[in-house]
Amino acid sequence: MNRTPRRELARNLVSFPATLDDLITNFWGTRPQNAVEGWKPDLDLKETPEAYILKVEIPGIDPDDIDIQVSQDSLQIRGERREEEKREGENWHVVERSYGSFFRTIDFPSNVQSDAVEAETEDGILTLTIPKSTDRQPKKITVKAS
């Protein structure tokens, strides 16, 4: 019984790229620029009795490059993280950060006060405080007798 084909197969499987990034890197020699498309910043959304608090990770993004639109029951945030300019003579070894435009929509389970939203950034975190609308409170309806 000849075990050479099995050993050769096992050796080839061990050397097969472990990830798609490895396969791309092996094929082109380097990872193609912007290989990760449609990146989006991570976020956390919590609810208090008065408001929704949204925290979005935006390190390296200028607040002027962020656009926030709020309606009665949703929020849209879009922005762009610009790639660091590469200069001649620089030898980059690893580039893992994602660049480009992003777009997120957050739907709220109840209406919000779109004219009272507050936004601030600190240490690369955008914090939005979105007050809940008082219009959605249960309203008692009185039935009149005829």
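This is a short guided walk through the structure shown above, from its overall layout to some of its details. Please keep in mind along the way that the model is predicted.

Let us begin with the whole chain. The protein chain contains two helices and seven strands. If you follow the sequence from its start, these elements come in the pattern α-α-β-β-β-β-β-β-β. The chain has 146 residues, of which 23% count as buried.

A good place to look next is the pair of strands E3 and E4. Strand E3 covers residues 66-70 and strand E4 covers residues 74-81, and the two pair in the antiparallel sense over five bridges. Together E3 and E4 form a hairpin, with three residues between them. To find your way across this pair, start at Ile-66, which stands opposite Gly-79 in E4.

Now turn to the charged side chains around this hairpin. In general, side chains of opposite charge can pair when their charged atoms come close. Asp-65 and Arg-82 offer one example here: their side chains meet in a salt bridge, at 3.1 Å from N to O. Asp-65 sits in the loop between E2 and E3, while Arg-82 sits in the loop between E4 and strand E5 (100-107), so this pair ties together parts that are 17 residues apart in sequence. With a relative accessibility of 24%, Asp-65 counts as partly exposed. Arg-82 also forms a salt bridge with Glu-80, where the closest N and O atoms are 3.1 Å apart. Glu-80 counts as partly exposed too, at 28% relative accessibility. Because these salt bridges share partners, Asp-65, Glu-80 and Arg-82 are joined into one network.

The structure holds three salt bridges, and there is one we have yet to visit. It links Glu-47 with Lys-132, and the closest N and O atoms are 2.4 Å apart. Glu-47 belongs to strand E1 (residues 43-47) and Lys-132 to the segment after strand E7 (125-131), so the pair ties together parts that are 85 residues apart in sequence. Is Lys-132 buried or exposed? Its relative accessible area is 17%, and Lys-132 is therefore buried, as the cut-off for that word is under 20%.

Our next stop is strand E6, at residues 118-122. E6 is hardly covered, since the count of buried residues among its five residues is zero. E6 and E7 run antiparallel and are joined by five bridges. Across this pair, Glu-120 stands opposite Thr-127 in E7. E6 and E7 form a hairpin with two residues between the strands, and there Asp-123 takes a positive phi near 55°.

Asp-123 also has a part in a surface feature. Along with Glu-118, Glu-120 and Glu-122, Asp-123 gathers in a patch of negative charge on the surface. Glu-122, which lies in E6, is exposed, with a relative accessible area of 57%.

Finally, let us look at Ile-61. This residue lies in the loop between strand E2 (51-57) and E3. At 8% relative accessibility, Ile-61 counts as buried. What separates the C-alpha atoms of Ile-61 and Gly-124? The separation is 7.9 Å, although Ile-61 and Gly-124 are 63 residues apart along the chain.

Key: Residues numbered from 1 in each chain as written. Predicted model: local features only at pLDDT ≥ 70, side-chain atom pairs only at ≥ 80, totals over all residues. Heavy atoms only, no water. Pairing = 2+ DSSP bridges. Helix = DSSP H or I, 4+ residues; strand = E, 2+ residues; numbered from the N terminus. Patch = residues over 30% accessible without salt bridge, like charges linked within 9 Å, V, L, I, M, F, W, Y side chains within 5 Å. Areas by Shrake-Rupley, 256 points an atom, 1.4 Å probe, with all protein chains shown as cover. Salt bridge = Lys/Arg side-chain N within 4 Å of Asp/Glu carboxyl O. Lys, Arg positive; Asp, Glu negative; His and termini not counted. Charge placed at Lys NZ, Arg CZ, Asp CG, Glu CD. Buried < 20%, exposed > 50% of the residue type's maximum accessible area, 1.4 Å probe, protein only.
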